[in-house]
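Here are my notes on the model you sent round. Have the structure open while you read, as I go from single residues out to the whole chain.

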Amino acid sequence: MVAVPSRRPAGKPDYWILFVAVALTAIGLMAVYSASFAIGYWDFHDVNYFVTKQAISAAGGMVLLVFFWQVDYNFLRRFSPVIMLLSLTSLLVVLVPHVGVRSNGANRWISLGPLPPLEPSEFAKLAMVIYIAAWLAAKGDQVKQFSLGVVPFIMMVGLVAGLILLEPDMGTAIVIMLTTTTLFFVAGASLRHVLTLALAGVAGGALLIIFEGYRSSRLIAFLDPEKDPAGAGFHILQLLIALGSGGLGGLGLGASRQQFFYVPGAHTDGLF
C-alpha cells in the first residue's frame, strides 16, 4: 500500500505581507486619483472616473484574496490543467479579427459587452505560475534531465510567450519567461540548463528588437530621447521633466504640472 500523506495544518497568515499589500493598494488609489483627475474631467466630465474604476477592481481583488486565503493550494494543483487551457484559449481568441480589441497597434484585449475589456495576458501570468508550479512538483528530480525537464519546460513556456508576442506584447512575455525560469531554478533544475536558457532568452530578445522596427526605435529613444524630442523621445522627455520638477519628494498629490496632458498615459504608464 502507498502511504497517503496527511494534510498539514494551515499556518498563520503572514499579516505583514497583508499589511503591505493593503497599504500599497491605498497609496496606489491616491496616486491614480492625483494623476487622473484632469483627464477624467476632460474625457468623461468626472474627476473620479478612473479612481472609481480602480477602487472597484481593488475591492474585487480583496474579495478574491479572502477567498483564496481559505482555499487549500492543492485545489489549484488539481485544476491547474483547466486553468492553463482557459488561458491558452483566451490568448488564441484575442488574436481573432473582430473579436480581439485592437488598440495602439496591438490586439491585447477581449471585448465583453458592457463589462471592462479582458486582457488575457494578465490572466496568463497567474495561470503559468500555477501550472508550472504543479508540473514541477509532479516532476520532482526529473527537472534536472534535459529530455524530461528542459524540453517540456521550453515547449510550455514558449507556446504561451509566443502567443503573447503575436499580440504583440514583448514586456509581458519577458515577465512570464523570467518568472517561470525562476520557478524552474528553485525547483532544482541544473544551473547549466538555467544559464543556457537565460543566454538563449537574451539572444532571442535582441533579435526581436533588431528585426522589429518599433522595438528598435523605442530602444534608441530610451538611450537618446533628445534625437527625436517631438516623436519617439517625447514621452521619456516629459517624464524626465516631471521627475526633475518634483525632485525626490515630488510636488505633492495633485500638484504635478506634467499630468495636465503633457505625459501620455499619465494615470497608467506615467503614474510614477
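1. Tyr-41 first. Leaving out residues up to four places away in sequence, Tyr-41 touches Asp-46 and Val-47. Tyr-41 sits in helix 1, and this is a predicted model, so please read everything below as a description of a prediction. With 53% relative accessibility, Tyr-41 counts as exposed, because the cut-off for exposed is over 50%. For a sense of distance, take Gln-142: 101 residues separate Tyr-41 from Gln-142 in sequence, and their C-alpha atoms are 57 Å apart in space.

2. Stay in that area for His-45. Which loop holds His-45? The one between helix 1 (15-44) and helix 2 (49-69). His-45 is not a glycine, yet its phi is positive, at about 55°. The residue counts as exposed too, with a relative accessibility of 66%. I'd look at the backbone there by eye.

3. Another backbone point concerns a proline. The peptide bond running from Glu-167 to Pro-168 is cis, with omega near 0°. Pro-168 belongs to the loop that links helix 6 (146-165) and helix 7 (170-186). Worth a look on your side as well.

4. Just past that loop, Thr-172 lies in helix 7. Is Thr-172 buried or exposed? Its relative accessibility is 7%, so Thr-172 counts as buried, the limit being under 20%. Apart from neighbours within four places in sequence, the contacts of Thr-172 are Ser-121, Glu-122, Lys-125 and Ile-164. Of these partners, Ile-164 is itself one of the buried residues of helix 6.

5. That brings us to helix 6 itself. Its buried residues are Gly-149, Val-150, Pro-152, Phe-153, Met-156, Val-157, Val-160, Ala-161, Leu-163 and Ile-164. What covers them? The cover includes helix 4 (80-93), helix 5 (120-139), helix 7 and helix 8 (191-210). If you make a figure of the packing, I'd put helix 6 in the middle of the view and colour those four helices around it.

6. Now the sheet. Three strands make up an open sheet, in the order 1-2-3 with antiparallel pairing. Strand 1 (100-103) and strand 3 (115-118) are the edge strands, each of them pairing on one side only. From one strand to the next, the twist averages 40°. As a general reminder for reading the faces, side chains in a regular strand alternate between the two sides of the sheet.

7. A closer look at strand 1 and strand 2. Strand 1 runs antiparallel to strand 2 (residues 106-112), and four bridges join the two. Among the bridge partners, Ser-103 goes with Ala-106 of strand 2, and Gly-100 goes with Ile-110 of strand 2. The hairpin they make has two residues between the strands, and in it Asn-104 takes a positive phi near 55°.

8. The other hairpin follows on. How many bridges hold strand 2 and strand 3 together? Two, again in the antiparallel sense. Ile-110 stands opposite Leu-118 of strand 3, and the bridge partner of Ile-110 in strand 1 is Gly-100. This hairpin also has two residues between its strands, and Gly-113 in the turn shows a positive phi of about 65°.

9. Stepping back to the whole chain, the secondary structure amounts to 10 helices and three strands. Reading from the N terminus, the elements go α-α-α-α-β-β-β-α-α-α-α-α-α. Along its principal axes, the C-alpha trace spans about 70 × 45 × 45 Å.

10. On burial and contacts, 26% of the 272 residues count as buried. Taking contacts between residues at least 6 apart in sequence, 59% of them join residues at least 24 apart.

11. Last, surface and charge. The chain has an accessible surface of about 18,000 Å², and 70% of that belongs to carbon and sulfur atoms. The chain carries 16 positive and 14 negative charges, and the mean positions of the two sets are 12 Å apart.

Definitions and conventions:
Residues numbered from 1 in each chain as written. Predicted model: local features only at pLDDT ≥ 70, side-chain atom pairs only at ≥ 80, totals over all residues. Heavy atoms only, no water. Buried < 20%, exposed > 50% of the residue type's maximum accessible area, 1.4 Å probe, protein only. Contact = heavy atoms within 4.5 Å. Areas by Shrake-Rupley, 256 points an atom, 1.4 Å probe, with all protein chains shown as cover. Lys, Arg positive; Asp, Glu negative; His and termini not counted. Charge placed at Lys NZ, Arg CZ, Asp CG, Glu CD. Pairing = 2+ DSSP bridges. Axes fitted to C-alpha atoms, helices over the stretch in contact; angles between N-to-C directions.
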